[in-house]
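Student: I should like to go through this structure with attention to how each term is justified. May we take the terms one at a time and set each value against its definition?

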Amino acid sequence: MLLPLPAAAADGAEGMMGVRWGKNAFYLEPMASGPQPLRNLNRRRNGTSDAAQLVGDYHNPILTPEGAAVVKQKGELAIAGKGFPNAQDQCRPMPPPFALVMQLGFVMLQAKDGNITILYDQGANVRRINMNAAHPTKLVPSPMGDSVGHWEGETLVIDTVGVRVDDFTSVDRFGTPMGDAMHIVERYRLIDGALAKAATDAIEKREGTVGGGGRDAGYSPDISLKGLQLEVTMTDPKVFTAPLTARVTYRRLITRWTETVCAENSVEHYEGEWIGLPKADRPDF
């Protein structure tokens with residue numbers, strides 16, 4: 001049940017909250033101009049991305065030399081058939097921007113105090129957005145980072161910093177690294193349903209769908225219903241030569257929420273992929 005909301009946010013929140021949103025491609029959508037997100041250099045005969053070998057375009061001018069070197073090294077592993085682990089296949093928390101690439105379904109819930117919780121389908125990942133708040137002065141990095149939000153008219157703006165970087169943290173499927181100073185700004189707004197369908201159709205045709213076309217996204221066939229579009233801007237001087245903005249478009253889902261149990265159902269897409277559950281060196285209390 002939606003609770004009373006500030007007047008300025010009412011229309012946007014009522015349309016966004018409590019809805020299952022989803023997509024069917026593991027890629028960021030390019031903007032009409034400016035820096036572009038990385039694409040897979042390895043393509044199928046039909047021109048779509050070959051998910052069996054993820055070789056990020058390390059020539060992309062958005063990458064710093066350090067970032068390009070990491071992407072190139074990850075691509076060489078993929079070509080050799082060794083692959084490289086990431087937060088998703090290791091059942092680790094998936095922070096933004098990686099979550100925005102890999103999470104196929106989610107729902108946003110708004111509490112009485114205005115704060116928002118985002119529940120993702122995969123791996124029981126949860127994000128908590130403190131609305132109309134500031135980041136702590138002394139911020140301790142955490143797996144999901146610190147997210148604060150506000151409404152700009154009917155646009156939900158989420159600002160995230162403090163993502164704790166480890167061996168599995170990356171921007172995308174190509175292993176593009178993240179630095180400690182990564183700053184992510186997400187801007188969510190409702191769009192016309194037909195426009196949302198056109199956008200999801202375009203990225204799915206360009207890059208291919210999850211599972212090589214064998215997955216049913218579960219989209220609602222009613223395109224009169226609003227879609228949801230995200231513009232995400234990533235600023236990371238260690239990895240990017242300039243702020244990188246990309247889009248992700250979602251449509252309403254009619255499928256039921258499904259449980260995804262990751263750690264108990266680990267799989268290996270390549271030899272040695274699964275390294276086991278994380279272990280603490282000392283107790284937390």
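Student: In this predicted model, which residue in E4 does Ile118 stand opposite?

Tutor: Ile118 stands opposite Arg127 in E4.

Student: What makes strand E3 and E4 a pair?

Tutor: Two strands pair if DSSP finds at least two bridges between them. Strand E3 (residues 116-120) and E4 have 4 bridges, in the antiparallel sense, so the requirement of at least two is met.

Student: How do you know that E4 and E5 pair, and in which sense?

Tutor: There are 3 bridges between E4 and E5, and the sense is parallel. At least two bridges are needed, so E4 and E5 count as paired. Within E5, Gly149 is the residue that Met131 stands opposite.

Student: Which residues of strand E4 lie on the covered face, and which on the uncovered one?

Tutor: Strand E4 spans residues 126-131; Arg127, Ile129 and Met131 form the covered face, while Val126, Arg128 and Asn130 form the uncovered one. As a general matter, side chains in a regular strand alternate between the two faces of the sheet.

Student: Why is Ser147 called buried?

Tutor: Ser147 has a relative accessibility of 4%. Buried means under 20%, so Ser147 counts as buried. Ser147 is found in strand E5, residues 146-152.

Student: What makes the approach of Ser147 to Thr160 a polar contact?

Tutor: The side chains of Ser147 and Thr160 make a polar contact at 2.6 Å. The cut-off is 3.5 Å between N or O atoms, so a pair at 2.6 Å is within it.

Student: Which residues is Ser147 in contact with, leaving aside its neighbours within four places in sequence?

Tutor: Ser147 is in contact with Arg127, Arg128, Ile129, Asn130, His135, Ile158, Asp159 and Thr160. Each has heavy atoms within 4.5 Å of Ser147, because that is what contact means.

Student: One of those residues is Ile158; which residue in E7 does Ile158 stand opposite?

Tutor: Ile158 stands opposite Glu186 in E7. Strand E6 (residues 155-161) runs antiparallel to strand E7 (residues 183-191), and 5 bridges join the two. E7 is also joined to strand E8 (residues 227-235), by 9 bridges and again antiparallel; the partner of Tyr188 in E8 is Leu230.

Student: What makes strand E1 a partner of strand E2?

Tutor: Strand E1 (residues 21-22) is joined to strand E2 (residues 105-110) by 2 bridges, and the two run antiparallel. The rule asks for at least two bridges, so E1 and E2 pair. Trp21 has Phe106 as its bridge partner in E2.

Student: What arrangement do the strands form?

Tutor: They form a closed barrel of 9 strands with mixed pairing, in the order E1-E2-E3-E4-E5-E6-E7-E8-E9. The chain has 4 helices and 9 strands, and its pattern along the sequence is α-β-α-α-β-β-β-β-β-β-α-β-β.

Student: How many cavities of 30 Å³ or more are found, and what lines the largest?

Tutor: The search of the whole structure finds 4 such cavities. About 90 Å³ of space lies in the largest, and its lining residues include Phe26, Tyr27, Pro37, Val101, Phe174 and Leu244. A space is called a cavity because a 1.4 Å probe fits there but cannot get out.

Student: What share of the chain is buried?

Tutor: Buried residues make up 48% of the 285 residues. The chain exposes about 14,400 Å², of which carbon and sulfur atoms supply 53%.

Conventions. Residues are numbered from 1 along each chain as its sequence is written. This is a predicted model: local features need pLDDT of at least 70, side-chain atom pairs count only at pLDDT 80 or more; totals for chains, interfaces and linings use all residues. Side-chain values use heavy atoms; hydrogens and water are left out. Buried means under 20% relative accessible area, exposed over 50%, partly exposed in between (1.4 Å probe, protein chains only). A polar contact is a pair of N or O atoms within 3.5 Å; within protein, one must be able to donate a hydrogen and the other to accept it, and residues adjacent in sequence count only if both atoms are side-chain atoms. Accessible areas come from the Shrake-Rupley method with a 1.4 Å probe; for residues, only the protein chains shown count as cover. On a 1 Å grid over the protein atoms alone, a cavity is a set of points where a 1.4 Å probe fits but cannot get out, and a pocket is an open set with protein on both sides within 12 Å along at least five of seven lines; lining residues have an atom within 4 Å of a point. Grid points are joined across faces, edges and corners, and a volume is the space filled by probe spheres set on the points.
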